[in-house]
Amino acid sequence: MSWRIPLFGSQQQQTDPNFQDIPTQSWYPPSVVGSSSRPSTPTSSSASPHQRASDHPQSSSRGQPSPAEAAGIIARLKDKSIEELQRLLKDKEAYNAFFNSLDQVKTQNNVRDELRKETAQLARENLEKEQRILELRNQCTIIRTTELAAAQDRLTDLEMRKDDIMRSYSPAALLDKLQTSMAKLDEESEELHQKFLEKDIDLPTFVQKYKKLRTAYHKQALLHLAGQTSFR
């Protein structure tokens with residue numbers, strides 16, 4: 001916070017010739033000392049109403065105190081002697097002591113100190129959480145490299161098994177299975193018939209087994225025909 005303190009003395013400043021001898025080559029900023037050793041007051045007749053009205057936005061843009069705050073500072077400077085005012089201009093420590101004694105500066109310093117304390121407290125809390133954050137990060141790394149990898153492999157295996165099952169129960173696969181079963185039943189029927197011709201089995205046994213095989217064959221043939229018709 002950098003305020004420029006307007007140095008206004010009592011009426012003695014206008015009558016005392018020593019006031020004009022204040023050195024301008026001091027530590028104090030030249031913009032405060034000014035090109036003239038006689039400061040102008042807010043009620044000076046040399047400033048037009050337009051100039052006084054335009055001073056306020058310039059002051060606020062440069063971080064200078066508001067009119068009310070400036071009036072409080074002027075009130076504290078009015079009772080100071082020429083020697084005290086000269087000391088404020090020439091002695092940096094005296095100026096800093098006076099500057100830091102202002103209520104506005106004290107308030108800003110208190111706010112700054114509180115912000116510093118809060119920032120330091122937040123920093124300490126963040127540092128206290130750093131170890132926990134590292135532990136969680138390590139756990140995430142372990143899960144990602146071990147448990148997650150195993151779970152992904154398991155998921156891939158299950159998806160492959162699901163695809164195999166879905167393929168095995170697809171309409172085309174079911175029709176192929178029926179076709180294979182029909183061919184096997186037809187082959188068994190022919191073998192049974194050949195045995196009967198060679199008199200390896202008697203007639204009642206042949207009729208019973210052959211009827212059973214042909215019945216199963218024709219049932220599957222009807223299913224196969226119905227399936228082919230449905231999926232065309």
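**Close-up views of an all-helix model**

**Figure 1. The overall layout of the chain.** From the N terminus on, the elements of the protein chain run α-α-α-α-α-α-α-α-α. In other words, this predicted model has nine helices and zero strands. Of the 232 residues in the protein chain, 19% are buried. Looking at contacts between residues at least 6 apart in sequence, 69% join residues at least 24 apart.

**Figure 2. Where to trust the model, and where to be careful.** Averaged over the protein chain, the pLDDT is 75, and 71% of the residues score at least 70. Which helix has the highest confidence, and which the lowest? Helix 8 (residues 171-197) comes out highest, at 91, while helix 1 (residues 12-15) is lowest, at a mean of 40. Over residues 7-62 the pLDDT is below 50, yet in the model this stretch has 62 contacts beyond near neighbours in sequence. A word of caution belongs here: where pLDDT is low, the predicted coordinates should not be read in detail.

**Figure 3. Helix 5 meets helix 6.** Here you can follow helix 5 (residues 82-90) and helix 6 (residues 92-100), whose axes come within 5 Å and cross at roughly 105 degrees. Angles from 65 to 115 degrees count as roughly perpendicular, so helix 5 is roughly perpendicular to helix 6. On the helix 5 side, the residues to look for are R87, L88 and K90; their partners in helix 6 are K92, A94, Y95 and F98. Sorted by class, this contact has four nonpolar and three charged residues, with no polar ones.

**Figure 4. The largest nonpolar core.** Ten residues make up this core: I73, L77, L85, L88, A94, Y95, F98, F99, L102 and V105. Which helices each supply at least two of its residues? They are helix 4 (67-78), helix 5 and helix 6. Helix 6 gives the largest share, with four residues. Some names will be familiar from the previous view: L88 of helix 5 and A94, Y95 and F98 of helix 6 take part in the contact between those helices, and they belong to this core as well. As general background, nonpolar side chains tend to be buried together in soluble globular proteins.

**Figure 5. A second core, and a buried histidine.** Separate from the largest core is a second one of six residues, among them M182, L185, L192 and Y217. M182 is also a good place to start looking for H224, a residue of helix 9, since M182 is one of the residues in contact with H224. Is H224 buried or exposed? Its relative accessibility is 9%, so H224 counts as buried. Leaving aside neighbours within four places in sequence, the contacts of H224 are L175, L178, Q179 and M182.

**Figure 6. A buried alanine in helix 8.** A173 sits in helix 8. With a relative accessible area of 16%, A173 falls under the 20% cut-off and so is buried. Not counting residues up to four places away in sequence, A173 touches R167 and S168.

**Figure 7. An unusual backbone angle at K199.** Between helix 8 and helix 9 (203-230) runs a loop, and K199 is found there. What is the phi of K199? The angle is positive, about 60 degrees, although K199 is not a glycine. For comparison, most residues other than glycine have a negative phi. K199 has a relative accessibility of 72%, so this residue counts as exposed, whereas H224 counts as buried.

Methods: Residues are numbered from 1 along each chain as its sequence is written. This is a predicted model: local features need pLDDT of at least 70, side-chain atom pairs count only at pLDDT 80 or more; totals for chains, interfaces and linings use all residues. Side-chain values use heavy atoms; hydrogens and water are left out. Axes are lines fitted to C-alpha atoms, for helices over the stretch in contact, and angles run from 0 to 180 degrees between N-to-C directions. Angles under 35 degrees count as roughly parallel, over 145 as roughly antiparallel, 65 to 115 as roughly perpendicular and the rest as oblique. Contact means heavy atoms within 4.5 Å. Ala, Val, Leu, Ile, Met, Phe, Trp, Tyr, Cys and Pro count as nonpolar, Asp, Glu, Lys and Arg as charged, and the others, Gly among them, as polar. pLDDT is the predictor's confidence in each residue, from 0 to 100. A nonpolar core is a set of buried Ala, Val, Leu, Ile, Met, Phe, Trp, Tyr and Cys residues joined through side-chain atoms within 4.5 Å. Buried means under 20% relative accessible area, exposed over 50%, partly exposed in between (1.4 Å probe, protein chains only).
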